[in-house]
Structures are given as C-alpha cells and as structure tokens.
Amino acid sequence: MSTTNSKPSEGTCRFCGQPLRHIFVDLGMSPICNDMVKPSRLNEMEPFYPLRTYVCENCLLVQLQEYVAPDNIFSDYTYFSSYSDSWLQHAKRYCDMAMERFGLNAGSQVVEIASNDGYLLQNFVAAGVAVLGIEPASNVAEVAQQKGIPTRVKFFGLETARELAGEALQADLIVGNNVLAHVPALNDFVAGMKALLKPRGTITMEFPHLMRLMQENQFDTIYHEHFSYFSFITVEKIFAAHGLTLFDVEELPTHGGSLRIFARHAEDTTRRISDAANALLGREQEAGYTRLDTYAQFGEQVKETKRKLLEFLIRVKREGKTVVGYGAPGKGNTLLNYCGIKTDFIDYTVDRSPYKYGNYLPGSRIPVYHPDTIRETKPDYVLILPWNLKDEIMTQMAYVAEWGGQFVVPIPEVTVLLQSAVEA
Ligand SMILES: [Zn+2]
C-alpha cells in the first residue's frame, strides 16, 4: 500500500462510508465545466472548486467529493445529446438490440434516467413501447416533451421510484446512459432502480470504464459532474449490495471506452452470468484493479501528459502557427483549465450547438464560435477537444486540408493526426 499520496481524510466513500485518504489525481481548482460564460458575464468572476479525486482504500471506488450541489450543475444543462450524429446512431442501435433481446412490445414499459432531450426514447416511442423519461434539467426536458416524449423533471432516487410505484409504474427496462457516474447519492440511486424494476426486468447502464481512463490517460473526463469512476469489479459490488446481479457486460468504444452493464434482480435466476462478465472481472483482477497501489501512479502520468501538450503548443506558437479548438465539451474544459491554456495558445473554439456558440468557455474564457469560422480563418492546427469523436469530426471538417491545416488530439498524448499536405 502506497502512503506517499495519502492525506488526512476528506469526507467518506459514497458507497461504503470509509474515510477517504488516498488521492487518485488532483487537477487543481476548476470552474463547473458545463457552465458556459455568456458575453454579459464576461467581466464577472466565476466560482472555482477543487477537482481532486480519491480512491477508497476499502472498496476502491474512485470518486470526487460533492463540492458543488447538483442543483447548480444540472438545472440548466447545455449538453443536448441530439447534437452528436454518432451518439444518435449509438442510441438507435441500442434500442433495436433491447427490443429484440428483452422481447419488448406494446405492453412493455421503458424508463430512462437522465433522458436528456429524448434522443434515445424516441426510438422506443416509434416502436410503440410505453416510455417515461426522468431528467433533472428542465430546459432539456422541455425539448423532449415538445417531441412527444413523456418526461418528468426530477432527480432519480428511491423517493422517485416509490412515487412511480404508487402510480403502479414499474419498468421492464431501466436505461441509464452516462448517469450512474453523475450521481452523488449512489446508494439511494441504485436502491431506487431496485424498487422500480419489475421482477423479471432488466437494467442497462453505460458509463466510462475506469480501466480505459487509466490505461489511455483520459484524465480530462474527470469533472465536477462526474462523481464516480467505476471498474467492473467495483460496480458489481455496489449493485450486489442492493440485491442486483450484473449478468452481462459489453465493452463499448463510446466516450473513449465505456461499459454497458446488464443487471437483474438477484432473485431472478432465469439468466446466468455471462462468460463476458466473468472474463472482464478476471482481466481487471489481473491488471491490479483490486490493489490500491495500482491507482497510485496515475497522478504522475497526468502531469507528464500536460507537459507534452504544453511543449507542443509552445513550439508551434513560436513557429508563428495558429491553433484553434474544435468542440466545447466538459472534458475540454478540464483539460484547458488544468493545463492553463487560454487565448494565448488557442484563438477560439467552435461548436455546433447554438447553446454554446456565442459564449465563452468557463475558466479559460476562450470564445466559442460557429464551426464556419474555421473555414474563414484557416488555422494551421485544429485541436479536437472531444477526442472520442475525432473520426466523425475529421470527416465533417475534411476541408481544413485545403489550406494545409492539421488536426491534433490531446489524449492519450498530444498527436498530430493528419498530414494534410499529402491529402491536399
Ligand atoms: Zn468505499
């Protein structure tokens, strides 16, 4: 057990209650990463909170303390799922799979937690399956309701599950994509799913896989909205504590490498635990994810990634090159704020979402413009902040090759992707 990065306890583990003493990685102080700065607020200050993650020495859950109340993070959320083509396709494929595998029909009930703008549930609606979305951000939920997707503006937990049970609403399928990691009251959330699920029902959840985060240096996926970072071993333990069994798992390429877990009631023994689930437990065990010392090296790896990115930016700026960003995702803000990158390195970034362009990135105050700006200013380098979508973005923006522009990704380490001189 390494004690070099151990500190006096700051709070307790959100799953098992053990005092947190071991820092996983400390990214310093950062503003809330989805809190875009409107032009009218440009001369005002903004709050910064610690972005310091711990690993629990007892259950090994990697986690961020609740420095910011969820109401402040999620009430006016600017992430609209429908602005990413590849994410929409991912949702469609999932719905087709779920309809067939779980035999859903007109008599079934699907509940999605954190249903965003209805990008996923609309597929079930089209297939005639009853749906309910639960979404805490009212501006996003409103868009879903306008599309005809029944949505309640709520945080999910045991109280909401009991409320629905009171209306005789239980789910054949509970879906949660990129929500489990965002839940501060983790035990209450999982207990709520247990209460909402029909006896033979299925839960599927997707979240970034901690093993991929660590192996591929994805420290920028750490931000205040992400309270927990799960290995399969840890999430299995958490579900088991609430009477839910993980009977299958898929490894997905989304968000840089995610898990899709399949859960059922522990009492529902009709479905055996798959080979894939057993194999992943074995792989994580072999890779050391049951030992505290495995988590101790990550902080240094992160510092080295920062040095390499800054080295690259300093070099190209000295050569007189122009660098702009593409995208304004949460992860981009973690990266830019941790590395101290402002308009001294990056002139501007662009985003397709009208909720983002015209504003400024939190902390770094880098302006966000419409993507057409790139064609007008012809930069030498385009730094892709949502690096997980780099293929989609490079296809959309292939025209940067016309003036010899090149794409760069910051993660797993800074890399120039396209020798566009060759392509042009
Ligand atoms: Zn713990």
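Biologist: In this predicted model, is Val140 buried or exposed?

Modeller: Val140 is found in helix α4, which covers residues 138–146. Buried means under 20% relative accessible area. Val140 has a relative accessibility of 0%, so this residue counts as buried.

Biologist: How far apart in space are Val140 and Ser115, C-alpha to C-alpha?

Modeller: In sequence, Val140 and Ser115 are 25 residues apart. In space, the C-alpha to C-alpha distance between Val140 and Ser115 is 8.9 Å.

Biologist: What is the order of the strands in the open sheet of 7 strands?

Modeller: The pairing in this sheet is mixed. The edge strands, each pairing on one side only, are β6 (151–152) and β10 (244–252). Read from one edge to the other, the order is β6-β5-β4-β7-β8-β11-β10.

Biologist: Which residue in β5 is the bridge partner of Ile113?

Modeller: Strand β4 holds residues 109–113 and strand β5 holds residues 130–134. The two strands pair in the parallel sense, over 5 bridges. The bridge partner of Ile113 is Ile134.

Biologist: At about what angle to β10 does helix α8 run?

Modeller: Helix α8 consists of residues 232–241. It lies across three strands, β8 (197–208), β10 and β11 (258–265). Its angle to β10 is about 150°.

Biologist: Which helix gives the largest share of the largest nonpolar core?

Modeller: The largest nonpolar core has 105 residues. Phe24, Leu180, Phe189, Met193 and Phe239 have the most contacts inside it. The largest share, 7 residues, comes from residues 298–318, which form helix α10.

Biologist: Which residues does Phe24 touch, not counting residues up to four places away in sequence?

Modeller: The contacts of Phe24 include Thr53, Tyr54 and Val55. Also among them are Val62, Leu210, Leu213, Met214 and Ile222. The list is completed by Tyr295, Phe298 and Gly299.

Biologist: How many residues does the other core, the one with Trp87, have?

Modeller: This core lies apart from the largest one. Among its residues are Trp87, Phe102, Val131 and Ile149. Its number of residues is 20.

Biologist: How many residues of helix α11 are buried?

Modeller: Helix α11 covers residues 330–339. Its buried residues include Gly330, Lys331, Leu335, Tyr338 and Cys339, and they pack against β1 (22–31), β2 (48–55) and α10. The helix is largely enclosed by the rest of the structure, because the buried residues number 10 of the 10.

Biologist: What phi does Gly340 take?

Modeller: Gly340 comes just after α11. Its phi is positive, at about 70°.

Biologist: Why is the sulfur of Cys339 too far from the closest cysteine sulfur for a bond?

Modeller: A disulfide is a covalent bond between the sulfur atoms of two cysteines. The cut-off for a disulfide is a pair of cysteine sulfur atoms within 2.5 Å. The closest cysteine sulfur to that of Cys339 is in Cys33, and it is too far for a bond because the distance is 15 Å.

Biologist: How many disulfides does a search of the whole structure find?

Modeller: Cys339 counts as buried, at 5% relative accessibility. Cys95 also counts as buried, at 1%. The number of disulfides found in the whole structure is 0.

Biologist: How far apart are the closest N and O atoms of Glu163 and Lys154?

Modeller: Side chains of opposite charge can pair when their charged atoms come close. Glu163 is partly exposed, with a relative accessible area of 32%, and Lys154 is partly exposed at 27%. The two form a salt bridge, with their closest N and O atoms at 3.5 Å.

Biologist: What is the N to O distance between Glu216 and Arg212?

Modeller: Glu216 counts as partly exposed at 27% relative accessibility. Arg212 counts as partly exposed at 26%. Their side chains meet in a salt bridge with an N to O distance of 2.7 Å.

Biologist: How many residues apart are Lys308 and Glu413?

Modeller: The side chains of Lys308 and Glu413 meet in a salt bridge, at 2.9 Å from N to O. Lys308 is in helix α10, and Glu413 is in the loop between β16 (406–409) and β17 (415–416). The pair links distant parts of the chain, and the separation is 105 residues.

Biologist: Which residues are linked with Glu300 in a network of salt bridges?

Modeller: The structure holds 22 salt bridges. The residues linked with Glu300 in the network are Lys303, Glu304 and Arg307.

Notes:
Residues numbered from 1 in each chain as written. Predicted model: local features only at pLDDT ≥ 70, side-chain atom pairs only at ≥ 80, totals over all residues. Heavy atoms only, no water. Pairing = 2+ DSSP bridges. Helix = DSSP H or I, 4+ residues; strand = E, 2+ residues; numbered from the N terminus. Contact = heavy atoms within 4.5 Å. Axes fitted to C-alpha atoms, helices over the stretch in contact; angles between N-to-C directions. Buried < 20%, exposed > 50% of the residue type's maximum accessible area, 1.4 Å probe, protein only. Core = buried A, V, L, I, M, F, W, Y, C linked by side-chain atoms within 4.5 Å. Salt bridge = Lys/Arg side-chain N within 4 Å of Asp/Glu carboxyl O.
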